[in-house]
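These are my notes from going through one model, entry by entry. I began with the terms I would need and then turned to confidence, strands, cores, rings and two single residues.

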Amino acid sequence: DGSIISSHWMFGDGFEAYGSKVTHTYAAAGWYTVSLEVTDDDGLTNTISANILVASRILNITADSPVNILVQTPDGSLVGYESRTGDILLEIEGSTYTGPWSEPQNIVIPNPIPGIYMIRLVGTSEGDYTLTIQVVGSGGATIDSQVWSHSTCPSEIDLAIVQLNPDGSLTNPTFNVIPEVPWGSAMAGFSMLVALLAYLIMPRFKKRRKFIG
């Protein structure tokens, strides 16, 4: 019912500015929380905030459920869910991960270094998924992308490998499936092995016992 007389910007890096339209340059890449507080001629205020990622380039990796994903970068850093330990890993500053069993799962790596990236996908249930690897430039335009579609099942491990070049392009993509034996099948196989060993050993043991007696 009035007019805005003040617009106060807070950029999340210690700098502030006033005005309806402002510009700001960040000194370092990373995630920042930007807030705008407006005040009207009655002295009432309202504030809105948003998280922004400052980077010259972004590696964006998305996988539909039912898989959990873990990315290993060229220097060995890990981002995502380590299913073998149950840990969520964010070993690159400014990286984000939506979390295990989220739908879809997304990993963002700011300013990715060139080299080989390995993406480990572990099935959580039966179903189809699509893995998208996308390189985004500073202006928001897609530089390159690769897409895989596959079906999975519980404990199946799929491994996608791609090379990120210095110009942001992606080359030499490979995709491998490493099936894992489900727990129930493994236990059934173990039980059969125990039964077989018992069958082979017990008759000899009985004969020896009878001889001694």
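Entry 1, exposure. Before looking up any ring, I fixed the terms: a residue counts as buried under 20% relative accessible area, as exposed over 50%, and as partly exposed in between. I then looked up Phe175, whose relative accessible area is 23%, so I entered Phe175 as partly exposed. Trp148 has a relative accessible area of 13% and therefore went into my list as buried.

Entry 2, confidence. The model is a predicted one, and I noted a mean pLDDT of 85 for the protein, with 84% of its residues reaching 70 or more. Going through the elements, I found the highest mean pLDDT, 97, in strand 7 and the lowest, 49, in helix 1, which covers residues 183–212. I also marked residues 181–187, where pLDDT stays under 50 and where the model has 1 contact beyond four places in sequence. For residues 204–213, where the pLDDT is below 50 as well, I found 0 contacts beyond near neighbours in sequence.

Entry 3, strand pairing. I followed strand 12 (residues 127–137), which pairs with strand 5 (residues 57–63) in the antiparallel sense over 7 bridges; in this pairing Leu59 stands opposite Val135. Strand 12 also pairs with strand 13 (residues 142–152), again antiparallel, over 10 bridges, and there I recorded Thr142 as the bridge partner of Val136. The hairpin of strand 12 and strand 13 has 4 residues between the strands, and in it Gly140 takes a positive phi near 90°.

Entry 4, nonpolar cores. Which residues touch the most other members of the largest nonpolar core? I found Ile61, Leu131 and Ile133, out of 24 residues in that core. Among the elements that give two or more residues to this core are strand 5, strand 7, strand 12 and strand 14, and strand 12 gives the most, with 4 residues. I listed the contacts of Ile133 beyond four places in sequence, which include Leu59, Ile61, Ile119, Trp148, Val162 and Leu170. A second, separate core has 7 residues, among them Phe11, Tyr26, Val34 and Leu36.

Entry 5, aromatic pairs. My search of the whole structure returned 3 aromatic pairs. In one of them, the ring centres of Tyr26 and Tyr32 are 4.4 Å apart and the planes lie at 35°, so I entered the pair as tilted; both Tyr26 and Tyr32 are buried. Trp148 and Phe175 form a stacked pair, with 6.0 Å from centre to centre and 25° between the planes. This pair links distant parts of the chain, since Trp148 lies in strand 13 and Phe175 in strand 15, 27 residues apart.

Entry 6, two residues looked up singly. Is Gly168 buried or exposed? Its relative accessible area is 0%, so Gly168 is buried, and I placed it in the loop between strand 14 (157–164) and strand 15 (170–178). Beyond four places in sequence, Gly168 touches Arg57, Val135, Ile143 and Asp144, and its C-alpha atom is separated by 9.4 Å from that of Ile58, 110 residues apart along the chain. Glu82, which I located in strand 7 (residues 78–82), has a relative accessible area of 8% and so is buried too. Its contacts beyond four places in sequence are Leu70, Asp87, Leu89 and Arg120.

Notes: Residues are numbered from 1 along each chain as its sequence is written. This is a predicted model: local features need pLDDT of at least 70, side-chain atom pairs count only at pLDDT 80 or more; totals for chains, interfaces and linings use all residues. Side-chain values use heavy atoms; hydrogens and water are left out. Buried means under 20% relative accessible area, exposed over 50%, partly exposed in between (1.4 Å probe, protein chains only). Contact means heavy atoms within 4.5 Å. Two strands pair if DSSP finds at least two bridges between them. A nonpolar core is a set of buried Ala, Val, Leu, Ile, Met, Phe, Trp, Tyr and Cys residues joined through side-chain atoms within 4.5 Å. pLDDT is the predictor's confidence in each residue, from 0 to 100. Rings of Phe, Tyr and Trp (its six-membered ring) pair if their centres lie within 6.5 Å; planes under 30 degrees apart count as stacked, over 60 as edge-to-face and the rest as tilted.
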